[in-house]
Amino acid sequence: RVNLVDLAGNERVWKSHSEGDALAEAKSINKSLSALCKTIRVLADAGTHGRDSGTVFVAYRESNLTRLLRNSLGGTAKIILVAAV
């Protein structure tokens, strides 16, 4: 299984002066990215302390993004991250 995800970047609402639908979309993007960050942090901490992801509570249901990527994040999947800054 292959998952390709475009994370679209962190939206700075105060800087872009977004309103209406654009504001709602920016909030949704920020929420999903925060949930993904939190999930990766919990999994990384569990790996650092020698625990597997089955013994640690990971909030995959916090966003649709983490729910969709659950098998890729918490399993034995190989992950490649490409970042363009």
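# Exercises on a predicted four-helix model

By the distance rule used here, the count comes to one salt bridge. The model is predicted, and the exercises below start from that pair.

## Exercise 1. The salt bridge

Task: State which side chains form the salt bridge, and where they sit.

Solution.
1. Start with the pair. The side chains of Lys38 and Glu62 meet at 3.3 Å, N to O.
2. Test the distance. A salt bridge needs nitrogen and oxygen within 4 Å, so 3.3 Å qualifies.
3. Place the partners. Lys38 is in helix H2, and Glu62 is in the loop between H2 and helix H3 (64–68). They are 24 residues apart, and the pair links distant parts of the chain.
4. Check exposure. Lys38 has a relative accessible area of 44% and is partly exposed. Glu62, at 33%, is also partly exposed.
5. Recall the background. Side chains of opposite charge can pair when their charged atoms come close.

## Exercise 2. Fold and confidence

Task: Give the order of elements, and find where confidence is lowest and highest.

Solution.
1. Count elements. The protein has four helices and zero strands.
2. Read the order. From the N terminus on, it is α-α-α-α.
3. Take the mean. The pLDDT averages 80 over the protein, and 89% of residues reach 70 or more.
4. Go element by element. Helix H1 (residues 13–16) is lowest, at a mean of 73. H3 is highest, at 89.
5. Apply the usual caution. Where pLDDT is low, predicted coordinates should not be read in detail.

## Exercise 3. The span of H2

Task: Compare the length of H2 with the expected value, and list its buried residues.

Solution.
1. Take the size. H2 has 29 residues.
2. Take the span. From first C-alpha to last, H2 reaches 42 Å, close to the 42 Å expected at 1.5 Å a residue.
3. List the buried positions. They are Ala26, Ile29, Asn30, Ser32, Ala35, Leu36, Thr39, Leu43 and Ala46.
4. Find the cover. It includes H1, H3 and helix H4 (70–74).
5. Link to helix geometry. An α-helix has 3.6 residues a turn, so residues three or four places apart point the same way.

## Exercise 4. Two H2 residues

Task: Decide whether Ser28 and Thr39 are buried or partly exposed.

Solution.
1. Locate both. Ser28 lies in helix H2 (residues 20–48). Thr39 is found in H2 too.
2. Classify Ser28. At 41% relative accessibility, Ser28 is partly exposed.
3. Classify Thr39. Its relative accessible area is 3%, so Thr39 is buried.
4. Look across the chain from Ser28. Ser63 is 35 residues away in sequence, and the C-alpha atoms are 9.1 Å apart.
5. Do the same from Thr39. Leu73 is 34 residues away in sequence, at 8.4 Å C-alpha to C-alpha.
6. List the contacts. Beyond four places in sequence, Thr39 touches Val58, Ala59, Tyr60, Thr66 and Leu73.

## Exercise 5. The nonpolar core

Task: Name the residues of the largest nonpolar core, then trace the contacts of Tyr60 and Leu73.

Solution.
1. Name the set. The core has seven residues: Leu36, Leu43, Val58, Tyr60, Leu65, Leu69 and Leu73.
2. Place Tyr60. It sits in the loop between H2 and H3.
3. Check burial. Tyr60 has a relative accessible area of 9%, so it is buried.
4. Trace Tyr60. Outside four places in sequence, its contacts are Thr39, Leu43, Thr66, Arg67, Arg70, Leu73 and Gly74.
5. Take one distance. Tyr60 and Gly74 are 14 residues apart along the chain, with C-alpha atoms separated by 9.4 Å.
6. Trace Leu73. With the same exclusion, Leu73 is in contact with Leu36, Thr39, Ile40, Leu43, Tyr60 and Ile79.
7. Add the background. In soluble globular proteins, nonpolar side chains tend to be buried together.

## Exercise 6. Whole-protein totals

Task: Report burial, surface and long-range contacts.

Solution.
1. Burial: 21% of the 85 residues are buried.
2. Surface: about 7000 Å² is accessible, and carbon and sulfur atoms hold 54% of it.
3. Contacts: among those with a separation of 6 or more, 45% join residues 24 or more positions apart.

Technical notes
Residues numbered from 1 in each chain as written. Heavy atoms only, no water. Helix = DSSP H or I, 4+ residues; strand = E, 2+ residues; numbered from the N terminus. Buried < 20%, exposed > 50% of the residue type's maximum accessible area, 1.4 Å probe, protein only. Contact = heavy atoms within 4.5 Å. Areas by Shrake-Rupley, 256 points an atom, 1.4 Å probe, with all protein chains shown as cover. pLDDT = per-residue confidence, 0-100. Core = buried A, V, L, I, M, F, W, Y, C linked by side-chain atoms within 4.5 Å. Expected span 1.5 Å × (residues − 1).
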